[in-house]
Amino acid sequence: MVYGPEVAVQVSTKYNLPKTEQIGKSILPIIGGPSLISMNGDEWKTWRSLFKPGFSAASMSENVPHIVRYVQIFCDKLTERAGKGLFKLDDLTTRLTMDVIIKLTLDTDLDYQRSENPLSNALGWIARWHSFWDPRILMHPFRPFIQRYFSKAMDDFIRKELDQRFLELKASKSVSSGRTKSVIALALEAYMAENASKDLARMTKLDDHFARYATYQIRLFLFAGNDTTSSSIIYAYHLLSQHPEILDELRKEHDSVFGTDTSKVADMLKEKPALLNQCRYTLAVIKETLRLCAPASTMRAPRSGVVVTDRHNNAYPMDHVGATIVHPTAHLNPRVWPRPTEFLPECFLVDSDHELYPNPGAYRPFEQGPRACIGQTLVYNEMRTVLALTGRSFEISPAYDEWDREQERSEGWMKKLGKRVGLVREMPRTVHGDRAYQTEKAGTHPADGYPCRVELVHSD
């Protein structure tokens, strides 16, 4: 287990130890096959190079108008619920991020925030019947059949979209001018360039190997770009609700960058996506959210001949021992972070000689080195856009006390009797004093879907 930056940098960057087989096996029901998160060697390099252009900073900036459009729908949904009682925020953010990732990867608009669709539905069923450890799910006799059925539904949908994009590219030789390039369009362009010697004109669909492996990558992007981002948006709202002084600073920055008329922000971002880069404090809030609520960790396999050393110069041969870099622990390491449990966005704004300045190797929500998350620019753009469009318009506050009371009132008489006689034990409802703790549900969703209330902010 690694939680210090010195060894973590060696594992992920200096030696770039391979990913373990366990990673691929654990997420196989969700991804369907080998993916960028589990591949190694030349296979990983090939697929990473195909998809990297689609997640470049330039490409993500071009897609900001799409993100803005979906966040506007999200704002409409919040407005509909303002002042009308308790609801679960997790459902709204999950639908928002699913709309975004589907559009940016497949160039398909499924409008999941306002209607159901087969792709999102299939992924939802697979995720609900997935667990990394819970034997009640893993040993359930129906699980393999349910996941296999919806896995095929996902594959069929994505394969159809891939073939359609391939035919469009063949007809135009490139994405038409003025049209933002999606991740898969750029990957297909690269694929076609590499296979220019083949008679692509006669092909009516993609070759099976490429289509199958591209489908695995798309499934990975849909899962990672949906679940973890939706949860991180909620944790940002939650932390801001607990720290009104930081929310005030966030709003002041938005007043400075966008002006005081909140109705103009969406159009400004569509016209000038680079305005997001001026939101330095907003980005610091997001980074601090991801530090305190890290969405994942990473596991690396042994490699013969590699020896890592800690800060005391102790040597650890990696011939037969792998390493797990535990992000939540690394982000709360008191040796590295002077006030590790506090919400301090300023630590990402101070100069390198300041006591709060973090060790560059200590912050790893997207990991570091060659295997760093390919979609981190998308996450930062999406979260900045969400906060820019909602931060001054809505007050979102947790409503766990109310939710817990409702659950207690709806308990059956047998459970109530069991509690009274001591047969049913009351489980702890907080982790480190926080009711909105991260769960093991894919993407570390907040407990109980984050029941909350939302109110409109009325300007003076």
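# A walk through a predicted protein chain

The protein chain shown above contains 19 helices and seven strands, and it should be read throughout as a predicted model. Before turning to single helices, it helps to consider the chain as a whole. Its C-alpha atoms fill a box of roughly 70 × 60 × 55 Å when the box is taken along the principal axes. A compact globule of 460 residues would have a radius of gyration near 23 Å, and because the protein chain has 23 Å, the value agrees with that expectation. Of these 460 residues, 52% count as buried. The contacts tell us about the fold in another way: if we take those in the protein chain between residues at least 6 apart in sequence, 76% of them join residues at least 24 apart.

We can begin the closer tour with helix α8, which covers residues 118-128, and helix α10, which covers residues 143-172. Their axes lie 9 Å apart, and the two helices pack at an angle of about 150°. Angles over 145 degrees count as roughly antiparallel, and therefore α8 is described as roughly antiparallel to α10. The crossing of this pair is left-handed. On the side of α8, the residues that take part are Pro118, Leu119, Asn121, Ala122, Leu123, Trp125 and Ile126, and they meet Ile146, Gln147, Phe150, Ser151, Ala153, Met154, Phe157 and Ile158 in α10. When the residues of this contact of α8 with α10 are sorted by class, there are 12 nonpolar and three polar residues, and no charged ones.

Helix α10 also holds Lys152, a residue worth pausing at. Is Lys152 buried or exposed? Its relative accessibility is 52%, and because exposed means over 50%, Lys152 counts as exposed. From Lys152 to Ala122 there are 30 residues along the sequence, while in space their C-alpha atoms are 8.9 Å apart. Ala122 is itself among the residues of α8 that meet α10.

If we now step back along the chain from α8, we come to the loop that joins α7, residues 89-106, to α8, and Asp107 has its place in this loop. Asp107 is not a glycine, and yet its phi is positive, at about 55°. With a relative accessibility of 14%, Asp107 counts as buried, because the cut-off for that class is under 20%. Asp111 lies in the loop between α7 and α8 too, and although Asp111 is not a glycine either, it has a positive phi of about 50°.

The two helices on either side of this loop also pack against each other. The axes of α7 and α8 cross at roughly 115° and come within 11 Å, and α7 passes α8 in a right-handed crossing. Here Met98, Ile102 and Leu106 in α7 meet Leu119, Ser120 and Leu123 in α8. By class, the residues of this contact of α7 with α8 divide into five nonpolar and one polar, with no charged residue. Leu119 and Leu123 of α8, which meet α7, are also among the residues that meet α10.

Elsewhere in the chain, helix α6, residues 64-81, packs with helix α17, residues 376-390, at an angle of about 45°, and their axes are 9 Å apart. The two helices are therefore oblique to each other, and α6 passes α17 in a right-handed crossing. From α6 the contact draws on Val64, Ile67, Val68, Val71, Gln72, Phe74, Cys75 and Leu78, and from α17 it draws on Leu378, Asn381, Glu382, Thr385, Val386, Leu389 and Thr390. Sorted by class, this contact of α6 with α17 has 10 nonpolar, four polar and one charged residues.

Two single residues complete the tour. Arg251 lies in helix α13, residues 244-258, and because its relative accessibility is 15%, Arg251 counts as buried. Where does Arg251 find its contacts, leaving aside its neighbours within four places in sequence? Arg251 is in contact with Gly391, Arg392, Phe394, Glu395 and Val457. One of these partners, Gly391, is 140 residues from Arg251 in sequence, although the two are 6.6 Å apart in space from C-alpha to C-alpha. Thr329, in turn, is found in helix α16, residues 327-330, and with 39% relative accessibility Thr329 counts as partly exposed. The C-alpha atoms of Thr329 and Ala294 are separated by 9.2 Å, while along the chain these residues are 35 apart.

Note on methods. Residues are numbered from 1 along each chain as its sequence is written. This is a predicted model: local features need pLDDT of at least 70, side-chain atom pairs count only at pLDDT 80 or more; totals for chains, interfaces and linings use all residues. Side-chain values use heavy atoms; hydrogens and water are left out. Axes are lines fitted to C-alpha atoms, for helices over the stretch in contact, and angles run from 0 to 180 degrees between N-to-C directions. Helices (H or I, at least four residues) and strands (E, at least two) are DSSP runs, numbered from the N terminus. Angles under 35 degrees count as roughly parallel, over 145 as roughly antiparallel, 65 to 115 as roughly perpendicular and the rest as oblique. A crossing is left-handed if the near helix is turned anticlockwise from the far one by less than a right angle, and right-handed if clockwise. Contact means heavy atoms within 4.5 Å. Ala, Val, Leu, Ile, Met, Phe, Trp, Tyr, Cys and Pro count as nonpolar, Asp, Glu, Lys and Arg as charged, and the others, Gly among them, as polar. The radius of gyration is taken over C-alpha atoms; the globule rule is 2.2 Å times the number of residues to the power 0.38. Buried means under 20% relative accessible area, exposed over 50%, partly exposed in between (1.4 Å probe, protein chains only).
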